[in-house]
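I set out below, in order, what I looked up in this structure. Each entry opens with the point that I wished to settle.

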Amino acid sequence: MELIELLKKSLLFSGLKDDDLAELAAITVRRRFGKGESLFSEGDEATGFYLLVSGSIKLCRIAHDGREKVLHFVQPRETFAEAAFFGDGRYPAEARALAAGEALYLPKEGFLELMGRNPNFSLNLVVSLSLMLRQFARQIEELSFADVTSRLASFLVRRSAEKSASYGGITYIDLGVKKGELASRLGTASETISRTLRKLKDEGIIEVQGSRVVIHQMEKLQKLSERHE
């Protein structure tokens, strides 16, 4: 697929005209990556940001006690590492591939030049960062006020909205992450995630089939996702 068409699929660049997209495509570099590969590590010089085309990326940090904290799971059409334009010029987290795919790399120097010549690039960047802040605020709220059952239910509801299949009132979703990674994202332990999944299963709300979750009672799951301690 042509670069302009790939760029246009991103929310960040959806408001740009074809001429603007052509300028952007001229500085864009396509990069393929394998499962487990790091696109950059925490503390590396922030030379640019990315648009995920295919595959899956997690942004994570390593705590002082050695535990990994997942900040965000990047899905296709999302941009990430926009923090390259601010702060101390270093990436604040690691970007590691959960599945092989492709990303578009947009170098900081070239993008800043485009921003200087065309205010549309600046406006779209502000919109993207605003959406990111809203997302992180929601994540902080969940970790601060919601119990593990609510956090897990919220994740399953969001996952079903992103990618699922429904037949006869039953919804089938793929978790897309290992339980350990999910536990890190939800701020708890793997054992707690396993117990919570069993609890939801015993209540007839879901059924776990390997990496797939079958949701039998979506309405109950949605109510749990809205519950706070």
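**Entry 1. Helix H3**

Which residues of H3 are buried? I worked from a predicted model, and in it I found Gly110, Phe111, Leu114 and Met115 to be the buried residues of H3. These four cover an arc of only 140° around the axis, and therefore they lie on the same side of H3. I then turned to the other side of H3, where Glu109, Glu113, Gly116 and Arg117 are exposed.

**Entry 2. The largest nonpolar core**

I next asked which residues of the largest nonpolar core touch the most other members. The core holds 35 residues, and those with the most contacts to other members are Phe13, Leu24, Leu39, Ile57, Phe80 and Phe111. I noted the elements that give two or more residues to this core: helices H1 (3–8), H2 (18–27) and H3 (108–117), together with strands E2 (38–40), E3 (48–62) and E6 (94–107). Phe111 thus appears twice in my notes, as a buried residue of H3 and as a member of this core.

I followed phenylalanine 13 further. With neighbours within four places in sequence left aside, phenylalanine 13 is in contact with Leu7, Leu21, Leu24, Phe49, Leu106, Phe111 and Asn124. I also recorded a second, separate core of 23 residues, which includes Leu152, Leu156, Leu200 and Leu224.

**Entry 3. Alanine 26**

Is alanine 26 buried or exposed? I located alanine 26 in helix H2. Its relative accessible area is 66%, above the 50% cut-off, so alanine 26 is exposed. I also looked up its separation from leucine 106: the two residues are 80 places apart in sequence, and their C-alpha atoms are 9.8 Å apart in space.

**Entry 4. Two residues with positive phi**

I looked at arginine 77 and alanine 81 for their backbone angles. Arginine 77 is not a glycine, yet its phi is positive, at about 85°. Alanine 81, also not a glycine, has a positive phi of about 75°.

Where do these two residues lie? I placed arginine 77 in the loop between strand E4 (68–74) and strand E5 (79–80), and alanine 81 in the loop between E5 and E6. Arginine 77 counts as exposed because its relative accessibility is 55%. Alanine 81 counts as buried because its relative accessibility is 11%.

**Entry 5. Glutamate 42**

What does glutamate 42 touch, apart from residues up to four places away in sequence? I found Arg61, Ile62, Tyr91, Pro92, Ala93 and Glu94. Glutamate 42 itself lies in the loop between E2 and E3. Its relative accessible area is 37%, so I entered glutamate 42 as partly exposed. For glutamate 94, I noted a sequence separation of 52 residues from glutamate 42 and a C-alpha to C-alpha distance of 4.7 Å.

**Entry 6. The second largest pocket**

I asked which residues line the second largest pocket. They are Ala63, Arg67, Glu68, Lys69, Gly180, Ala183, Ser184, Gly187, Thr188, Ala189 and Ser190. The volume of this pocket is about 200 Å³. E4 and helix H6 (179–186) each supply at least two residues of the lining, and H6 gives the most, with three. By class, I recorded three nonpolar, five polar and three charged residues in the lining.

**Entry 7. Isoleucine 193**

I located isoleucine 193 in helix H7 (residues 190–202). Its relative accessibility is 0%, so isoleucine 193 counts as buried. With neighbours within four places in sequence left aside, its contacts are Leu152, Leu182, Ala183, Leu186 and Thr188. Of these, I had already met Ala183 and Thr188 in the lining of the second largest pocket, and Leu152 in the second core. Valine 148 is 45 residues from isoleucine 193 in sequence and 7.8 Å away, C-alpha to C-alpha.

**Entry 8. Isoleucine 215**

Which residues are in contact with isoleucine 215, leaving aside its neighbours within four places in sequence? I listed Leu156, Ser160, Gly169, Ile170, Thr171, Ile173, Ile205, Ile206 and Leu221. Isoleucine 215 is in strand E10 (residues 212–215), and it counts as buried because its relative accessibility is 0%. I looked up one of these contacts, leucine 156, in more detail: it is 59 residues from isoleucine 215 along the chain, and their C-alpha atoms are separated by 8.8 Å.

Methods
Residues are numbered from 1 along each chain as its sequence is written. This is a predicted model: local features need pLDDT of at least 70, side-chain atom pairs count only at pLDDT 80 or more; totals for chains, interfaces and linings use all residues. Side-chain values use heavy atoms; hydrogens and water are left out. A nonpolar core is a set of buried Ala, Val, Leu, Ile, Met, Phe, Trp, Tyr and Cys residues joined through side-chain atoms within 4.5 Å. Buried means under 20% relative accessible area, exposed over 50%, partly exposed in between (1.4 Å probe, protein chains only). Contact means heavy atoms within 4.5 Å. The arc is that of the directions from the helix axis to the C-beta atoms. On a 1 Å grid over the protein atoms alone, a cavity is a set of points where a 1.4 Å probe fits but cannot get out, and a pocket is an open set with protein on both sides within 12 Å along at least five of seven lines; lining residues have an atom within 4 Å of a point. Grid points are joined across faces, edges and corners, and a volume is the space filled by probe spheres set on the points. Ala, Val, Leu, Ile, Met, Phe, Trp, Tyr, Cys and Pro count as nonpolar, Asp, Glu, Lys and Arg as charged, and the others, Gly among them, as polar.
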